[in-house]
Amino acid sequence: MTINRRHLLVGAALLALLPGPAFAAAINDSETLLALLPDREAAARLGETWVQQERQRPDAVLQSLKQRLDGGDADKLRDAIAEDFRSGAVVKIEGWQIARTQAELCALAYFSKAGSL
Amino acid sequence: MFIDGRSLPSGTVIETDIAIIGAGAAGITLARELRDSGREITLIESGSLELEADTQALYEGESGAVEYPLAESRLRFFGGTTNHWGGWCRPLLPIDFEGRDALQIPAWPLSRAELEPYYRRAQPVCQLGAFDFDDPEPWQARTGLAPIELPGDDLITRFFIYSPPTRFGEVYRDDVAKAAKVKTYLNSNVVEILPNTEANRVERLKVATLGGNGFEIRPKLCILAVGGIENARLLLASNSVQTTGLGNGNDLVGRYFMEHVTAPGDVAAIALADETRIPYYYVHTPDVDHASMRAILMPSDAYLQRSNGLGISLSLYEAHKPGAEPKADAKQLEPAVIAMLKSLGSDAERSGMIYGVACALEPVPSPENRVTLTRDRDALGLPKLRLTWRPTRTERDALTDNLGALARTFGAWGGAVKVLVPEGTDWADDEIGWGNHHMGTTRMAADPKQGIVDANGRVHGIGNLLIAGSSVFPSCGAVNPTYTIVALAIRMADHIKGGSLG
């Protein structure tokens, strides 16, 4: 994904609030993970609904994804989704039953879009 | 030979070896199977060869819970309800015969293995092709479609074979008419089965017509085969000697009515970005030997056992493109789900599709779901019936559990499932659908305190009264009943011919 002007503005605003190294790490982590979602707009719609439904926090979502995906390549993502469904880690969004990893990625897309990271 | 019962002088007495009451799937099958047995067969049908409104009105009754279309879901003329049968055929699963104590689903007093040869003989009767209900290879050979290797072991792929459907009253009319030993009385309604004073043997059948005349049939052996609801009604109304109803010494006649629970619409939607393989589940094969097939999903035995779940048949069809129904999905999450799925490795060039999921759910037999008589009477003076039926919370929870299994299975495979049935709630009236499958009201059990008929269909305590049809099912799995009705009728005819049923 290319960083656009909006991302830079959001980043600049958050830089004023966060310690420099921590913010940079968060942006790097989230960008690596969000690269798994080419259509972030669509994912953000799902993510927004879930965040509003279950009051997810950006740092918790990011931390959880880092643990689950550890580096974030597509194979790990597929494995994590399959494991979620096997283990019952299923999230319900307006009737849609999706893997928790999928929901967290969508939430991350929403947080990114909203400038909450 | 067909005889119009309205033409007989009142008071006529007909002696016969075997009286079969009702010319539907069971009755016609029995008559055909017994036509060369050397016995005189009398087949008694309420209707004529075509639907007539005054006869059909004899089916009217009351609903005690869910508003149930008693007069519309059954047909009362030669061929019975096969005259509007959908043709879905599949044998019950072996586990369906075994019972599940935790759900109070009784075992059948016979096994699937015992019924298997009769299922195979029912195959040509229902004009089906080969016995390919479980093997994917013949179906794959016909369609060229590869099955989905579903992850996990919750769901399995099985097949329904469609009868054309066989309209028994048309397809087998000549067989019955030309059989030398079979006399069919049309427009003839048995209004009471009269036993001896000990109520352990049927002596006479009192017959009335809408023409006003009446006559009597004296059979050596009587087979009641007027359908899953009407079998109970006629036994309850046959109360001149046994005042609670014939065969009803244990207050069981009419109880345990079962229906396959469905929904008026879909119960789930499946979103897939890559729809190349899903047609396996909704494409019908071209006709092969008059029959076509379709694949369905069912829970595995392992899933049913570990979840204490109920059986279900899940059928899929192509519904719409994502976002094509914005009113149903105000937040436009469908296209968002598809886009997310594409992001996760599916072929992004494909457009994605939403698939509808319909179901037939196994019911739990409940004594509160039942047929009783009312004070109102029909045009022949027979008490009308009240059907009290409502699916229970157990069935509701089993349905949402099964849909959760569907979601897990397709989710792990690369799709996403939207469950359209809210969890943790009871049924709202407008959420209840049914299959027009009437079962269980004279159920089969080895113990007379648990059921009306024994494993061979003989009424406990009444040596020459047999019951055929879906009213004898103690449980019913999640498959349509007609094919099993025919298999059981063939089996009953064999036992009669072998002398074990009189």
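Modeller: Quick ground rule: two strands pair if DSSP finds at least two bridges between them. Strands (E, at least two residues) and helices (H or I, at least four residues) are DSSP runs, numbered from the N terminus. This is a predicted model, where local features need pLDDT of at least 70, side-chain atom pairs count only at pLDDT 80 or more, and totals for chains, interfaces and linings use all residues. Residues are numbered from 1 along each chain as its sequence is written, while chains are lettered from A and ligands numbered from 1 in the order in which they are written.

Biologist: Okay, what makes S16(B) and S17(B) a pair?

Modeller: S16 (residues 370-377) and S17 of chain B share 5 bridges, in the antiparallel sense, and the rule asks for at least two. So they pair.

Biologist: Which residue is the bridge partner of Leu373(B) in S17(B)?

Modeller: That's Leu385(B). The hairpin of S16(B) and S17(B) has 5 residues between the strands, and Gly381(B) takes a positive phi near 90° there.

Biologist: Why do S4(B) and S17(B) count as paired?

Modeller: S4 (residues 62-63) and S17 (residues 383-388) of chain B have 2 bridges, in the parallel sense. At least two are needed, so they make the cut. In S17(B), Arg386(B) stands opposite Glu62(B).

Biologist: How do you know that chain B agrees with a compact globule?

Modeller: The rule, for a radius of gyration over C-alpha atoms, is 2.2 Å times the number of residues to the power 0.38. For 502 residues that comes out near 23 Å, and chain B has 24 Å, so the two agree.

Biologist: What does the C-alpha trace of chain B span along its principal axes?

Modeller: About 80 × 45 × 40 Å. Chain B has 12 helices and 20 strands.
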